[in-house]
Amino acid sequence: MSSYRPLLRLLRRGTAAARVCRTVTTWSPVGAAFNAKAQRRLDLFQQNVGLFGVPELSSIEGFEVVQDRALQETEQLVEKACRSPPGVQTVEIFDKLSDSLCRVADMADFIKVAHPNPSYREAAERTCINIGTMVERLNTNVELCKSLKDLLDNKEIFAKLDSETRRVAELFMFDFEISGIHLDEKKRKEAVNLNVKLLDLSNQFLMSCHMPNRIEKRVLPEHIHQHFSKDGKYIQISGLHADAPDDLVREVAYKIFLYPNANVMHILEELLACRDKLARLVGYESYAHRALKGTMAKSPEAVMSFLQQITDKLSDRTEKDFEMMRDMKTKLNPRNSELMPWDHPYFSGVIRAERFNIEPSLYSPYFSLGACMEGLNGLFTQLYGVSLLAEQPSVGEVWSEDVRKLAVVHETEGLLGYIYCDFFYRPEKPLQDCHFTIRGGRRLDDGQYQLPMVVLMLNLPHPTRSAPTLLSPGMMENLFHEMGHAMHSMLGRTRYQHVTGTRCSTDFAEVPSILMEYFATDYRVISQFARHYQTGQPLPQSMVARLCESKKVCGAADTQLQVFYAVLDQVYHGKPQNRSTTDIMIDMQKKYYGLPYVTNTAWQLRFSHLVGYGAKYYSYLMSRAVASMVWKQCFYKDPLNRETGERYRREMLAHGGGKEPMLMVEGMLQKRPSIEDFVNALVSDLDPDFETFIMDSEG
């Protein structure tokens with residue numbers, strides 16, 4: 001999703017070749033579109049429609065045009081909101097205000113990171129800054145806030161509004177309040193200054209998280225130099241090299257990449273202090289209390305209870321996992337058998353591979369990108385009556401020739417929206433997989449629906465002359481995960497774009513995407529599409545069973561590592577402590593992880609999620625727990641059941657953020673889960689023989 005969403009929440013991511021060609025012709029249009037290089041029709045007379053079909057964006061200068069138009073429209077809507085009597089129209093005007101700014105800011109926010117042309121990226125960056133400046137003005141517009149407050153204070157009128165309109169009105173007011181609108185003028189100015197400072201500190205910290213560290217070549221043994229990039233007499237280390245088989249390479253990377261930087265340490269401590277000061281200024285006990293309002297968890301106390309209970313339930317299994325890793329390290333390196341933090345990812349992978357022969361190259365021929373897209377298309381058709389149709393983008397509509405465009409069409413409702421698939425690696429493209437909302441859905445004044453538009457960004461290898469793009473099991477799961485976000489955006493039909501699709505609480509937003517990972521590892525789903533790109537042979541059931549079982553190996557230790565990260569995030573954003581972020585980390589690592597702290601390292605300085613997920617990193621664990629419950633209770637017996645798919649859309653996907661998240665979960669599960677239910681769902685996922693039972697019963 002767009003990083004602008006929190007800011008805009010007030011207003012609101014040879015022979016072989018011949019043989020392949022014969023096989024590819026058997027794919028459906030969607031499969032064929034992704035299993036071959038993009039073929040653009042050359043039409044010299046076709047007009048450039050501009051990025052995403054926005055005519056002005058056929059040139060760099062167009063950013064200023066669309067920006068100025070949005071700012072002008074904003075001024076008009078603010079004036080209209082301030083003079084309108086309280087009623088449903090108040091919320092509608094606020095949502096139009098949100099839509100006008102979000103459509104420009106969200107699009108620019110994507111273009112500034114993804115467009116291959118640096119001039120486009122720079123123009124988009126300027127647009128983001130200018131829209132952000134307008135948002136800061138609106139955040140402190142007392143008269144605009146009063147127009148909304150008049151509605152909320154009029155109990156008679158407010159009670160007559162439908163539930164979604166009431167919720168959206170309350171969300172807008174909450175966003176005003178966390179910006180300090182209710183404070184006196186002096187404190188309001190202080191809140192504005194703190195917000196501006198936070199934006200700058202956040203950008204500084206994010207930039208520093210990915211900066212490489214360097215060390216003189218002579219300090220390191222010569223035989224490991226080849227594993228790192230060189231810069232004159234220095235070795236540059238830009239990551240943890242967690243998958244390197246050489247123990248020394250992993251150790252060196254860990255110690256140097258995580259070596260403390262005093263300047264970055266100061267930035268992080270200032271960032272946390274600034275967040276705490278702002279939260280207290282606007283009336284909250286801590287930044288965590290402010291961040292968790294409106295989420296499923298609701299409070300820091302509930303989050304810590306959730307994380308502590310997971311730790312208690314997994315403690316024995318986690319220790320057994322670490323013991324297995326120690327044994328493996330002793331077997332491979334008897335002279336240095338102590339298990340260290342840089343060993344966890346590597347040895348858990350070694351154990352999985354040894355036990356279950358999970359070699360990605362054995363699986364990838366069955367997971368061509370086209371086959372996986374056919375699988376998604378078939379799954380959505382069976383669950384929701386929705387088809388993915390490949391469309392030829394118009395001239396200038398996409399930012400790279402490799403981008404594919406999909407129309408999402410319902411069998412009775414018609415066109416639901418568009419997904420732009422930016423799936424292939426290119427230089428300077430961000431390496432993370434993510435979903436961006438470009439335009440949110442909302443009901444228009446004429447009764448029509450503004451169709452949502454999203455981008456899915458992956459970094460897959462390009463197809464070649466002899467083979468289509470082949471995905472590892474992990475890549476395939478990531479594709480399903482991101483498509484879960486996209487379908488959340490497509491299948492929602494909210495009245496207001498402020499709460500469209502994935503614009504919901506963070507600990508609910510990941511539920512639809514994580515649920516898709518369960519579909520991606522169920523043989524009844526996989527068997528519908530996973531076939532060898534050359535022979536057409538289906539993926540053997542035994543290989544899927546091995547894949548599912550392998551995921552549980554060292555699963556407790558992997559989960560506990562995520563618990564440690566989530567706890568650290570909570571403590572950093574809780575009540576201030578008179579000790580350094582490193583001292584806090586050492587303490588939390590001992591209590592919630594178990595592997596020893598390495599002297600002169602500061603892992604927290606690489607924890608980029610502290611910015612985007614401040615006090616909400618637990619969301620992945622909680623969302624996984626909900627997805628697990630939904631899968632086991634609703635889809636486990638029959639993952640392709642249309643009636644269940646329709647109920648899932650009706651109870652969860654359709655509402656975006658327009659309904660309290662726990663009410664959506666309750667509607668789907670027919671009960672309100674407790675913290676204990678969340679914990680048990682997570683832990684039961686690690687139990688052996690769960691998926692195997694499905695496989696055996698199907699066999």
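Me: At what angle do helix α3 and helix α5 pack, and is that roughly parallel or roughly antiparallel?
Reply: In this predicted model, the axes of α3 (residues 62–83) and α5 (residues 118–139) lie 10 Å apart. The angle between them is about 10°. Angles under 35 degrees count as roughly parallel and those over 145 as roughly antiparallel. The pair is therefore roughly parallel.

Me: How do the residues of the contact of α3 with α5 divide into nonpolar, polar and charged?
Reply: On the α3 side the contact is made by Phe-63, Gln-67, Leu-71, Thr-74, Glu-75 and Val-78. Their partners in α5 include Tyr-120, Ala-124, Asn-130, Ile-131, Met-134 and Arg-137. The division is nine nonpolar, four polar and three charged.

Me: Is Gly-62 buried or exposed?
Reply: Gly-62 belongs to helix α3. Beyond four places in sequence, Gly-62 touches Glu-56 and Leu-57. Its relative accessible area is 3%, and the limit for buried is under 20%. Gly-62 is therefore buried.

Me: How far apart in space are Gly-62 and Ala-124?
Reply: Ala-124 is in α5, while Gly-62 is in α3. The two residues are 62 places apart in sequence. From C-alpha to C-alpha, the distance is 10.0 Å.

Me: Which helix gives the largest share of the largest nonpolar core?
Reply: That core has 168 residues, and Phe-306, Phe-367, Met-373, Ile-419, Phe-423 and Met-652 have the most contacts inside it. A second, separate core of 59 residues includes Val-91, Leu-97, Ala-124 and Phe-176. For the largest core, the largest share is 11 residues, and these come from helix α22 (residues 555–572).

Me: Which residues does Phe-367 contact, leaving aside its neighbours within four places in sequence?
Reply: Phe-367 is among the residues with the most contacts inside the largest core. Its partners include Cys-372, Ile-526, Phe-529, Ala-530 and Leu-539. The others are Thr-469, Leu-470, Leu-471, Ser-472, Pro-473 and Met-476.

Me: What span should helix α16 have, and how far apart are its end C-alpha atoms?
Reply: Helix α16 (residues 369–384) has 16 residues, of which 13 are buried. Just after the helix, Gly-385 takes a positive phi of about 70°. At 1.5 Å a residue, α16 should span 22 Å, and this agrees with the distance between its end C-alpha atoms, 22 Å.

Me: How many of the residues of α17 are buried?
Reply: Helix α17 runs over residues 473–491 and should span 27 Å. Its end C-alpha atoms are 26 Å apart, which agrees. The helix is largely enclosed by the rest of the structure, because the buried residues number 16 of the 19.

Me: What is the relative accessible area of Glu-482?
Reply: Glu-482 is in helix α17. Leaving aside neighbours within four places in sequence, Glu-482 is in contact with Asp-433, Cys-434, His-435, Leu-456 and Leu-458. Glu-482 counts as buried, and its relative accessible area is 7%.

Me: Is Asn-357 buried or partly exposed?
Reply: Asn-357 sits in the loop between α14 (344–356) and α15 (360–363). Although Asn-357 is not a glycine, its phi is positive, about 55°. Its relative accessible area is 42%, and partly exposed lies between 20% and 50%. Asn-357 is therefore partly exposed.

Me: Where is Cys-554?
Reply: Cys-554 has a positive phi near 60°, in a residue other than glycine. At 1% relative accessibility, Cys-554 counts as buried. Its place is the loop between α21 (541–550) and α22.

Terms used: Residues numbered from 1 in each chain as written. Predicted model: local features only at pLDDT ≥ 70, side-chain atom pairs only at ≥ 80, totals over all residues. Heavy atoms only, no water. Core = buried A, V, L, I, M, F, W, Y, C linked by side-chain atoms within 4.5 Å. Buried < 20%, exposed > 50% of the residue type's maximum accessible area, 1.4 Å probe, protein only. Helix = DSSP H or I, 4+ residues; strand = E, 2+ residues; numbered from the N terminus. Contact = heavy atoms within 4.5 Å. Expected span 1.5 Å × (residues − 1). Axes fitted to C-alpha atoms, helices over the stretch in contact; angles between N-to-C directions. Parallel < 35°, antiparallel > 145°, perpendicular 65-115°, else oblique. Nonpolar A, V, L, I, M, F, W, Y, C, P; charged D, E, K, R; others polar.
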